[in-house]
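Subject: Structure for you, with notes on helix packing and a cavity

Dear colleague,

Here is the structure that I promised to hand over. Please open it beside this message and read the notes with it in view.

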Amino acid sequence: MFVFTIFATYLGSAAALFTRFSDSSPIPSGRTAMLFLAGLAIAVHGGVLANQVILNPAAGIALSDVLSVIGWLFAVIGLFAALQPGFRALGGVVFAASALMLTLQYFAPGSAPDALSWQLKLHAMLSLLAYSFLAAGAILALASLAQDRQLRAAKVTRLSSLLPPLLATEEFLSTLLTAGFVFLLLSVTSGFVFIESLFTQHLTHKTVLSLVALAIFGVLVVGRRVAGWRGKRMLHLYLAAFVLLVLAYFGSKLVLEVILGESWG
């Protein structure tokens with residue numbers, strides 16, 4: 001019942017933000033109430049996750065927990081985007097993605113094979129923070145590619161009215177990229193510090209793919225901040241790095257828990 005209520009609130013927020021309205025106008029009272037409920041749902045959802053996963057010394061982190069945490073982080077990012085003029089449509093997409101994560105939670109393994117120490121939980125939370133910021137950026141990168149294609153074709157569609165100018169979209173993407181890179185760097189560093197025999201626990205592929213993704217995201221951060229990189233080449237490179245990150249984390253966790261019946265860490 002609890003999860004369904006949270007799911008319905010996130011999905012309702014997405015629907016409210018997708019409703020046709022001027023994106024630069026003040027948020028109507030009905031949508032303000034919906035976003036207020038979303039904020040309450042985020043607070044309750046976060047409190048339950050903290051109690052069940054972070055503060056519980058006997059708890060591990062199952063794939064279902066991962067999806068729930070990502071859903072919560074998506075909702076936080078979605079609420080922030082929804083409150084920014086010009087990015088409410090993005091907020092709707094991210095809220096919808098959050099609802100999708102809670103749906104997938106039901107089809108994922110619900111128990112972790114082993115409890116994790118606080119060090120490994122910290123490493124896992126940093127990984128999830130990095131993934132969530134970079135995933136939201138991937139959604140924005142796809143929207144930017146579509147927006148760029150429409151501008152080059154001189155077409156005006158519904159997408160054009162939902163998104164801010166391309167320069168503003170790319171600037172917001174740069175913010176998500178920088179935050180995601182910082183958390184990914186902290187995650188990789190904590191992995192080397194806290195995880196023993198990192199290359200002998202069925203984690204070689206995860207480690208290598210994460211390092212490659214980290215290097216690409218680092219190059220993009222420097223290129224964007226120092227040289228002002230933008231455009232399709234940067235967006236394609238961003239999406240390629242994100243695919244590597246998805247394979248590194250979810251591919252490894254799925255194989256370990258579902259096929260091998262083990263936990264990483």
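The notes below cover three helix pairs and then one cavity.

This is a predicted model, in which local features need pLDDT of at least 70 and side-chain atom pairs count only at pLDDT 80 or more, while totals for chains, interfaces and linings use all residues. Residues are numbered from 1 along each chain as its sequence is written, and side-chain values use heavy atoms, with hydrogens and water left out.

Helices here are DSSP runs (H or I, at least four residues) numbered from the N terminus. Axes are lines fitted to C-alpha atoms over the stretch in contact, with angles from 0 to 180 degrees between N-to-C directions.

Helix α3 (residues 63-82) takes part in two of the pairs described here. With helix α4 (residues 88-105), α3 packs at an angle of about 165°, the axes being 8 Å apart, and the two are therefore roughly antiparallel (angles over 145 degrees). The crossing of α3 and α4 is left-handed (the near helix turned anticlockwise from the far one by less than a right angle; clockwise would be right-handed). The residues of this contact (heavy atoms within 4.5 Å) divide into 16 nonpolar, seven polar and one charged, where Ala, Val, Leu, Ile, Met, Phe, Trp, Tyr, Cys and Pro count as nonpolar, Asp, Glu, Lys and Arg as charged, and the others, Gly among them, as polar.

With helix α5 (residues 118-152), the axis of α3 comes within 9 Å and crosses at roughly 50°, so that α3 and α5 are oblique to each other (outside the ranges under 35, 65 to 115 and over 145 degrees). This crossing is right-handed. Among the residues that make the contact are Val 66, Ile 70 and Phe 74 of α3 and Met 125, Leu 129 and Ser 132 of α5, and the whole set comprises 13 nonpolar, one polar and no charged residues.

Helices α7 (residues 166-194) and α8 (residues 204-227) have axes that come within 9 Å and cross at roughly 140°, and they are therefore also oblique, with a left-handed crossing. In α7, Glu 170 and Ser 174 are among the residues that meet α8, where Arg 224 is one of the partners; the contact holds 12 nonpolar, six polar and four charged residues.

Those three residues recur in the lining of the second largest cavity, together with Leu 173, Arg 230, Gly 231, Met 234 and Leu 235. A cavity is a set of points on a 1 Å grid over the protein atoms alone where a 1.4 Å probe fits but cannot get out, and lining residues have an atom within 4 Å of a point. The search finds two cavities of 30 Å³ or more, and the second largest has a volume of about 40 Å³, a volume being the space filled by probe spheres set on the points, which are joined across faces, edges and corners. Its lining has three nonpolar, two polar and three charged residues, and α7 gives the most, with three.

With best wishes

Note on methods: 1 Å grid on protein atoms, 1.4 Å probe; cavity = no way out; pocket = protein on both sides within 12 Å on 5 of 7 lines; lining within 4 Å.
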